[in-house]
Amino acid sequence: MPLPQLNFPTFDFRIYEKEGKPLIFDSARKKYVRLTPEEWVRQNMVQYLHQVKAYPLSLICIEHVLQVNRLEKRADILVYNSKTKPALLVECKASSVKVSQEVFEQAARYNLALQVEYLVVTNGLIHYCAHINHESQKITFQENIPEYTEI
């Protein structure tokens, strides 16, 4: 499966095929998972957060289960701060999916349950990061994803 070039630095991944299906090693979950277009974006984002922004792998949760309007949903990436409080939520889409208002609304719905300070939406090519002040209910788009020490 040819993997699309994404807007991330190049990372080393462990990828192999099993029964004709590609698998990639997820260093946060410490297991191989099926390599789908969305998973490719998710794994690149995890490595970016860990290797570039210094987020500890132990505080990165993949496919975090949460309740939204009594429905069970899964947040792609949830990062906890040093006080183990949810601090950054990432919604990943395949690189072929346009980052639309609908994608932002999906992430915002997940955040109703989590109340994180930073919300990131990416398709691997375009990344948007918003800082959310829950007291003033003000959203400010950021130039960059914050370093771990900033969350």
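Strands β1 and β2 pair in the antiparallel sense, and 4 bridges hold the pairing. You are looking at a predicted model, and the chain has a mean pLDDT of 92. Two open sheets are worth finding: one has 3 strands, and the other has 6 strands. Helix α1 lies across β1, β2 and β3, and α1 also lies across β4, β5, β6, β7 and β8.

**The sheet of β1, β2 and β3**

- Start with one pair of residues: Glu17 has Pro22 in β2 as its bridge partner.
- Now follow the strands across: the order is β1-β2-β3, and the pairing is antiparallel.
- β1 (15-18) and β3 stand at the edges with a single partner strand each, so one side of each is left without a neighbour in the sheet.
- From one strand to the next, the twist of this sheet averages 40 degrees.
- General background helps here: strands of a sheet pair through backbone hydrogen bonds, in either a parallel or an antiparallel way.

**The hairpin of β2 and β3**

- Strand β2 covers residues 21-26 and strand β3 covers residues 31-34; the two run antiparallel and are joined by 4 bridges.
- Try finding Phe25 in the structure: opposite this residue stands Tyr32 in β3.
- The hairpin has 4 residues between its strands, and Lys30 takes a positive phi near 60 degrees.

**The sheet of β4 to β9**

- The strand order is β4-β5-β6-β7-β8-β9, and here the pairing is mixed.
- β4 and β9 are the edge strands, each pairing on one side only.
- The twist averages 35 degrees from one strand to the next.
- Within this sheet, β7 and β8 form an antiparallel pair with 5 bridges.
- As an example of a bridge, Leu119 is partnered by Ala130 in β8.

**Helix α1**

- Helix α1 spans residues 37-52 and has the highest mean pLDDT among the elements of the chain, at 98.
- Against the strands β1, β2 and β3, α1 runs at about 20 degrees to β2.
- Against β4, β5, β6, β7 and β8, α1 runs at about 30 degrees to β5.
- α2 packs on the sheet too, touching β4, β5, β6, β7, β8 and β9, and its direction makes about 150 degrees with that of β6.

**Helix α2 and its two faces**

- Helix α2 holds 14 residues (101-114) and reaches 20 Å from its first C-alpha to its last, close to the 20 Å expected at 1.5 Å a residue.
- Which residues of α2 are buried? They are Val103, Phe104, Gln106, Ala107, Tyr110, Asn111 and Leu114.
- These buried residues sit on the same side of α2, because they cover an arc of only 155 degrees around the axis.
- A general rule fits in here: an α-helix has 3.6 residues a turn, so residues three or four places apart point the same way.
- What do the buried residues of α2 pack against? Their partners are β4 (60-68), β5 (71-80), β6 (86-92), β7 (118-122), β8 (127-133) and β9 (138-142).
- Turn to the face away from the buried side and you will find the exposed residues Gln101, Glu102 and Leu112.
- Just after α2 comes Gln115, which has a positive phi near 60 degrees.

**Confidence in the prediction**

- A pLDDT of 70 or more is reached by 99% of the residues in the chain.
- Among the elements of the chain, α2 has the lowest mean pLDDT, at 84.

Conventions: Residues numbered from 1 in each chain as written. Predicted model: local features only at pLDDT ≥ 70, side-chain atom pairs only at ≥ 80, totals over all residues. Heavy atoms only, no water. Expected span 1.5 Å × (residues − 1). Buried < 20%, exposed > 50% of the residue type's maximum accessible area, 1.4 Å probe, protein only. Arc of directions from axis to C-beta. Contact = heavy atoms within 4.5 Å. Pairing = 2+ DSSP bridges. pLDDT = per-residue confidence, 0-100. Axes fitted to C-alpha atoms, helices over the stretch in contact; angles between N-to-C directions.
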